[in-house]
Amino acid sequence: MFKKIITSAAVVALLVAPQIGAEDANPDMPFGAKAFEIYKTAVEMKSTANHGETPKLARYLAGEFEKGGFAKEDIHVFETGGTAGLIVRYHGDGSSGKKPVSISAHMDVVEADPRDWVRDPFTLIQEDGYFFGRGTADDKLGMTAVTANFLRLKAEGWVPNRDLIIAFSGDEETGMLSTRALVNEFRNLTDSEFVLNADAGGATLPTNGGTPANFSMQAAEKTYATWELTVNNSGGHSSRPRDDNAIYELAAALAKIQDHKFPVRYNELTRTYFRGTGAKTPGDTGKAMVQFANDPTDAWAIKTLRSNPSYVGTTGTTCVATMLRGGHAENALPQSATATVNCRIFPGVGVAATEATLKEVVGNDGVIFNMISDPTETDPSPLREDVLVALQKAVDNKFPGLEIIPSMSSGGTDGMHFRAAGIPSYGVNGGYSKPNDTNAHGLNERILVQTFYDNLAHWYVLLKAIAG
Ligand SMILES: [Zn+2]
């Protein structure tokens with residue numbers, strides 16, 4: 001299906017058709033002020049796992065939908081695991097005869113310590129053309145755009161030709177219990193043909209202005225899996241060292257994992273990604289991408305891509321040591337030593353197979369493996385012409401003709417739970433940012449003010465195209 005879409009001349013012609021009547025993207029656009037009010041309110045609510053204000057945010061948004069004309073019975077706030085999820089149904093007239101489309105985003109944000117930030121993370125601050133604050137990018141940007149556009153479209157009296165469903169999670173950054181609830185417990189409310197994810201997708205803006213190389217649409221995720229590796233030992237006095245030593249044994253195991261290179265993997269999606277991105281990437285990196293796309297056994301291309309942290313993950317499974325603890329006293333032989341190893345597993349490889357590989361690489365039965373994550377394995381979502389055509393219209397609003405390239409992310413969005421439940425998911429947010437700009441999860445998270453308004457227009461065009 002994928003190949004057919006990419007090579008179909010009819011689709012390509014449709015994709016580059018000129019855009020008529022571009023939507024404004026500025027503070028004075030319809031619902032621009034309302035969107036800003038929602039964004040500011042959301043950023044200033046501490047919807048982190050520790051501060052626990054996600055249910056408050058869900059109820060605030062629910063109130064906005066009610067004020068915006070959505071019927072009470074179409075708005076559902078549910079609480080689970082100390083957080084909350086939100087489901088809102090925008091009824092269509094059913095004229096398309098198609099199943100609903102869900103739109104996902106998350107209301108929670110990663111913890112932020114004000115002492116580490118230059119500006120208060122829980123105050124929306126506008127400075128130098130940016131909005132600063134925790135969640136300004138991840139993901140109160142997408143969450144706000146979807147919310148504001150539901151309100152705007154409702155106010156304009158627009159009736160979609162199929163139901164649209166908001167499915168907002170409340171712990172995407174931690175346990176994803178609310179995401180699981182959205183797809184399982186509340187499947188009767190969220191069942192859809194596919195999901196548009198407002199927490200992924202976008203383009204990198206050239207630092208000095210101009211047009212991005214392409215728009216990246218997330219259509220697959222690697223599997224996130226974490227193990228603890230432990231070596232136990234009877235210990236003893238440090239004045240009487242022996243050959244067996246928990247720390248040395250663990251260190252040797254880690255060195256072997258460091259040296260191990262997982263086999264090269266590829267699929268239709270990653271080859272298309274490298275072909276498209278490579279054509280617009282200068283130097284050896286771009287050349288390697290194109291060569292890899294044409295021949296995934298090309299040794300030079302593999303070596304070049306694998307030496308680049310941005311692309312190594314797209315060529316196969318990666319595992320890396322991330323945490324370490326061991327010993328109990330400076331003058332005692334260690335009784336135990338434990339390392340954490342985090343893997344991003346290429347689709348199709350499997351968690352069990354990856355564990356087996358790691359054990360084989362380590363080659364020491366004394367190293368005990370303990371899986372500490374709860375991995376969800378998913379296949380890439382098949383590319384769909386209807387999604388690509390609608391997304392192209394939205395992308396054209398900002399960058400006419402900008403090519404959409406499917407991408408695989410390193411793992412960790414709500415999309416994987418929808419995919420695992422058999423509902424394809426596509427990361428299509430209009431997240432335009434300069435390299436190193438957003439700093440999601442990190443300090444001083446920010447997004448361009450213009451991107452905030454561009455993303456509002458992006459979702460307005462996208463929702464109308466997908467259900468109009
Ligand atoms: Zn996110």
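Trainee: What kind of crossing does helix 3 make where it passes helix 5?

Mentor: A quick word on the model first. It is a predicted one, so local features are taken at pLDDT of at least 70 and side-chain atom pairs only at pLDDT 80 or more, while totals for chains, interfaces and linings use all residues. Residues are numbered from 1 along each chain as its sequence is written, and side-chain values use heavy atoms, with hydrogens and water left out. Now your crossing: helix 3 passes helix 5 in a right-handed one. To judge the hand, look at how the near helix is turned from the far one: clockwise is right-handed, and anticlockwise by less than a right angle is left-handed.

Trainee: At roughly what angle do the axes of helix 3 and helix 5 cross, and within what distance do they come?

Mentor: Two packed helices are described by the angle between their axes and the distance between the axes. For helix 3 and helix 5, the axes cross at roughly 140° and come within 9 Å. Each axis is a line fitted to C-alpha atoms, for helices over the stretch in contact, and angles run from 0 to 180 degrees between N-to-C directions. Helices here are DSSP runs (H or I, at least four residues), strands likewise (E, at least two), numbered from the N terminus. Helix 3 and helix 5 are therefore oblique to each other. The angle scale is: under 35 degrees roughly parallel, over 145 roughly antiparallel, 65 to 115 roughly perpendicular, and the rest oblique.

Trainee: Which residues of helix 3 and helix 5 make the contact?

Mentor: Contact means heavy atoms within 4.5 Å. Helix 3 brings Ala35, Ile38, Tyr39, Ala42 and Val43, and helix 5 brings Lys140, Leu141, Met143, Thr144, Thr147, Ala148 and Leu151. By class, that contact of helix 3 with helix 5 has nine nonpolar, two polar and one charged residues. (Nonpolar covers Ala, Val, Leu, Ile, Met, Phe, Trp, Tyr, Cys and Pro; charged covers Asp, Glu, Lys and Arg; the others, Gly among them, are polar.)

Trainee: How do helix 3 and helix 4 pack?

Mentor: Read this pair in the same steps. Helix 3 (residues 32–43) and helix 4 (residues 54–67) have axes 11 Å apart, at an angle of about 165°. That is why helix 3 and helix 4 count as roughly antiparallel. Their crossing is right-handed. From helix 3, Lys34, Glu37, Ile38, Thr41 and Ala42 meet Leu57, Tyr60, Leu61 and Glu64 of helix 4. The residues of this contact of helix 3 with helix 4 divide into five nonpolar, one polar and three charged.

Trainee: How many salt bridges does the structure hold?

Mentor: Look for a side-chain nitrogen of Lys or Arg within 4 Å of a carboxyl oxygen of Asp or Glu. The structure holds 25 of these salt bridges. Some are joined up: Lys34, Glu37, Glu64 and Lys67 are linked in a network.

Trainee: Which residue forms a salt bridge with arginine 89?

Mentor: Aspartate 163 does, with the closest N and O atoms 2.8 Å apart. Arginine 89 lies in strand 2 (residues 83–90) and aspartate 163 in the loop between helix 5 (140–155) and strand 6 (164–169), so the pair ties together parts 74 residues apart in sequence. Both arginine 89 and aspartate 163 are buried. (Buried means under 20% relative accessible area, exposed over 50%, and partly exposed in between, using a 1.4 Å probe and protein chains only.)

Trainee: Where do glutamate 355 and lysine 359 lie?

Mentor: Both sit in helix 12 (residues 351–362), four residues apart, about one turn of the helix. Their side chains meet in a salt bridge of 2.9 Å, N to O. Glutamate 355 counts as buried at 19% relative accessibility, whereas lysine 359 is partly exposed at 41%. Glutamate 44 and lysine 40 also form a salt bridge, with closest N and O atoms 3.0 Å apart. Glutamate 44 is partly exposed at 29%, and lysine 40 is partly exposed at 32%.

Trainee: Which residues is leucine 463 in contact with, leaving aside neighbours within four places in sequence?

Mentor: With that filter on, leucine 463 contacts Ile103, Asn149, Phe150, Leu153, Trp158 and Leu164. Leucine 463 lies in helix 15 (residues 449–466) and is buried at 0% relative accessibility. Its C-alpha atom is 8.3 Å from that of asparagine 149, and these two residues are 314 residues apart along the chain.

Trainee: Is phenylalanine 418 buried or exposed?

Mentor: Phenylalanine 418 is buried, with a relative accessible area of 1%. It lies in helix 14 (residues 415–420). Apart from neighbours within four places in sequence, phenylalanine 418 is in contact with Ser104, Ala167, Thr179, Val183, Val195, Ile423 and Ser425.
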